[in-house]
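Please set out, for a reader with the coordinates at hand, how the parts of this structure meet one another. The request covers contacts between chains as well as contacts between domains.

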Amino acid sequence: MSAVRPVADPLAFKDNARIVVADPVLRRSFRGAMDFLTDKRAAQFPDVAGFNRLRALGESIRQYALANLPQLLGQLEERLAERGVHVHWAENAEDANRLFLEIAQRHDAKLMVKGKSMVSEEIELNHRMAEHGIDCVETDMGEYILQLDHDRPSHIIMPAIHKTKEDVARIFAEHIPGAGYTEDVNELIAIGRRALRDKFATAKIGVSGVNFLVAETGSIVLVENEGNGRLSTTVPDVHIAITGIEKVIAKLEHVAPLFTLLTRSATGQAVTTYLNVISGPRREGEKDGPREQHLILLDNGRTQAYREERFRATLQCIRCGACMNHCPVYARVGGLSYGTTYPGPIGAIISPHLMNLESTRDLPTASSLCGACGEVCPVGIPIPDLLMRLREAARHDEPVAQQRKALKGQGGARRMLEVAAWKGWRLVYANSRIYRLVTWLATRCRRLLPGRQAGWTGTRVALRPAPRSLRERLAQRRPTPIPMDDTSKPAA
Amino acid sequence: MSAQASQRARSAIFARLRDADAPVPHAVPDVQGYYDGLPATPGDDATRFAERARGWQAEVIETTPEGWPAALAALVSERRLRRVLAGRDTAIADTLAAVLPSMDLHWYDESLETFKPTLFNEVDAGITTTLGGIAETGSLILWPDVREPRTLSLVPPLHIAILRASTLQPTLHAAMHAQGWAAAMPTNVLLVTGPSKTADIQRLLVYGAHGPKQLVILLVRDEAMP
Ligand code: SF4
């Protein structure tokens, strides 16, 4: 990977994208990984009708959950409390980090082991804990590699896809004492395993994300392949799970189809190695499992997406990553370009709520609207529609038609020049005299247009009006009949 | 103080949820209907289970209700497993004690805090029972309890599971209902499919990430033959 790295700021999206597009190694990594994942997924859903039936069920489960969100959250909280799990609520990242810190300080913990959790990335847990001298170690192999290299995840399922095995060999040799340099992947994984075993055995606190929360039984469901999620939630004395408030589902049986949809869509596997269903801390007589268990439920902008029906479907997401795997823009600019925790199409529709529409204003435009994301989404989120709604909201200061309240950062992409341009356009097109005057001037003065036109000519040829307007050409032509060999006639 | 802040956040979040557009009422999802509508799968569950589990790099040893203890003993001696760990008082405990050399067989008697050094460094294999298996995916259902702690199937490099074919279920959904999961959730239920793995480095699949590097399933063919 080149020396210049994309920066973690969505406002830098376009510059970031340029860096990645110019880097052939990075582009090959993404292209290869995306082709691999899309092929594997396709093999899991051989017939379209079968996929559509399963997807309709998944969609209905998630919509049912969102339609009953307040009640389900209440029920979940009650069940968890009965099981002895401490439930905490956090409005934003600061709240959530404070909760982590308080628990850590109460246990005098200096080391946390962490299973993969995108929400913990969202609140930047590692950095906040480090400020208080608490070491929060990533244990997912991909995340561990990134943490050692001070890098960020570029994909929500395969966080280190932008690293080659040579990169990993170098990172391990540099940062793990006694590791030595090897490009053998089995060896590299063995090194990671050894290095992290000790951490699992000594950490007082284990942190995890959540794939599903079951209101009916008060259960935390985790899906994984490596076993680090199981270790993080079983071996340390204290387990803290963190997730967004939208992750709750009503019934335990809802896990079955969602699990299938998730694994097949994410990595093209019929199942993962582990489905881990946790319902409370260690009980009387049990010999292991955490003695204390916490669940932190984070809002951080999710209630804004929930507020209006037209944005609510965003929260149906089960974070499978299929939309990014199939996105032609993501495959080229890579996950780091977005500068947000969640990249790709899902990132473009959720980040404006988690952050604000002003700082994320370019993300909804990072789409050709080809519709692939919406087609593969296992829970039927109409991603292209949501992108369009966000684009609209980004260009209007006031709530648009069918929108009740302004979003945070509404109108964030509104530019006076653009507004003036559209006003001018309306003026010209609403009045035939002005229209004719303007087209006459434009065609006569066409040579005066500059060869370099900001923003446009970087990748395209310059815009130049035709020598005569269509109206003029038709007027000239009218007396003579159209010759039979005219190339403009429609093909037979 | 943190409890207060959490309560404040809770009230604010619920207030915002209540302030939202009224949800479009939604019918209860028909999960059963979906599974009932799936085409029937040919073949018996045990064969399908074994095939799928092998696909995930689990070793499946098919055996009989009479033959499994000997098969297990053979496995332990062939692989020269010096320290094999199991839970006391389980349905298989007496058989284990009878067929495995007492030098090699150890019981998970201590709590994890004091047992950690041994568990992490000295145990070669953990043997567990299973509540059943899932034919569709080749997954084991583990139901850890006071006798069989969760780490028994997690920390040792080799996990040996005893699975009775009569306890197989066609799908996860069927298992949840047939075994009444929701009514009696233990602290931890697990589905285990193959040994732990990762493809985090350049998408290259490697077995033995953080969990067991190998999984051996003794599939006891005790089902009533049709
Ligand atoms: S939006 Fe759909 S496809 Fe994208 S991550 Fe979420 S569930 Fe998967």
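What follows is a briefing on a predicted model, arranged by interface.

The contact between the two chains draws 80 residues from chain B and 104 residues from chain A, and about 7700 Å² is buried between them, with 59% of that area on carbon and sulfur atoms. Within chain A, which is divided into domain 1 (1-44 + 321-413), domain 2 (60-304) and domain 3 (415-448), the meeting of domain 1 and domain 2 is described separately below.

**Chain B against chain A: area and polar pairs**

- Of the area that chain B buries against chain A, B:Ile201, B:Arg203 and B:His210 supply 11%, which is more than any other three residues supply.
- Seven salt bridges are counted between chain B and chain A, and one of the salt bridges joins the side chains of A:Asp299 and B:Arg16 at 2.8 Å, N to O.
- Polar contacts across the interface of chain B and chain A amount to 45 residue pairs, both residues of each pair being at pLDDT 80 or more.

**Chain B against chain A: secondary structure**

- At least two residues of the side of chain B that touches chain A come from each of several elements of chain B, including helix H1 (2-18), helix H6 (112-121) and strand S9 (188-192).
- H1(B) gives the largest share of that side, ten residues, while by class the side of chain B that touches chain A divides into 43 nonpolar, 20 polar and 17 charged residues.
- Strand S9 (residues 274-278) of chain A pairs with S9(B) in the antiparallel sense over five bridges, and A:Asn276 stands opposite B:Leu190 in S9(B).

**Domain 1 against domain 2 of chain A**

- The C-alpha centres of domain 1 of chain A and domain 2 of chain A lie 24 Å apart, and their contact takes 33 residues from domain 1 and 32 residues from domain 2.
- About 2700 Å² is buried between domain 1 of chain A and domain 2 of chain A, and carbon and sulfur atoms give 56% of this area.
- One salt bridge is counted between domain 1 of chain A and domain 2 of chain A; the side chains of A:Asp149 and A:Arg5 meet in a salt bridge at 2.9 Å, N to O.
- Ten residue pairs, both residues at pLDDT 80 or more, are in polar contact across the interface of these two domains of chain A.
- Helix H2 (24-44), helix H15 (322-325) and helix H17 (344-354) of chain A each supply at least two residues of the side of domain 1 that touches domain 2, the largest share, ten residues, coming from H2(A).
- That side of domain 1 of chain A has 21 nonpolar, eight polar and four charged residues.

Methods:
Residues are numbered from 1 along each chain as its sequence is written. Chains are lettered from A and ligands numbered from 1 in the order in which they are written. This is a predicted model: local features need pLDDT of at least 70, side-chain atom pairs count only at pLDDT 80 or more; totals for chains, interfaces and linings use all residues. Side-chain values use heavy atoms; hydrogens and water are left out. Contact means heavy atoms within 4.5 Å. Buried area is the accessible area (1.4 Å probe) that two parts lose on being put together, summed over both. A salt bridge is a side-chain nitrogen of Lys or Arg within 4 Å of a carboxyl oxygen of Asp or Glu. A polar contact is a pair of N or O atoms within 3.5 Å; within protein, one must be able to donate a hydrogen and the other to accept it, and residues adjacent in sequence count only if both atoms are side-chain atoms. Helices (H or I, at least four residues) and strands (E, at least two) are DSSP runs, numbered from the N terminus. Ala, Val, Leu, Ile, Met, Phe, Trp, Tyr, Cys and Pro count as nonpolar, Asp, Glu, Lys and Arg as charged, and the others, Gly among them, as polar. Two strands pair if DSSP finds at least two bridges between them. Domain bounds come from an automatic or database domain assignment.
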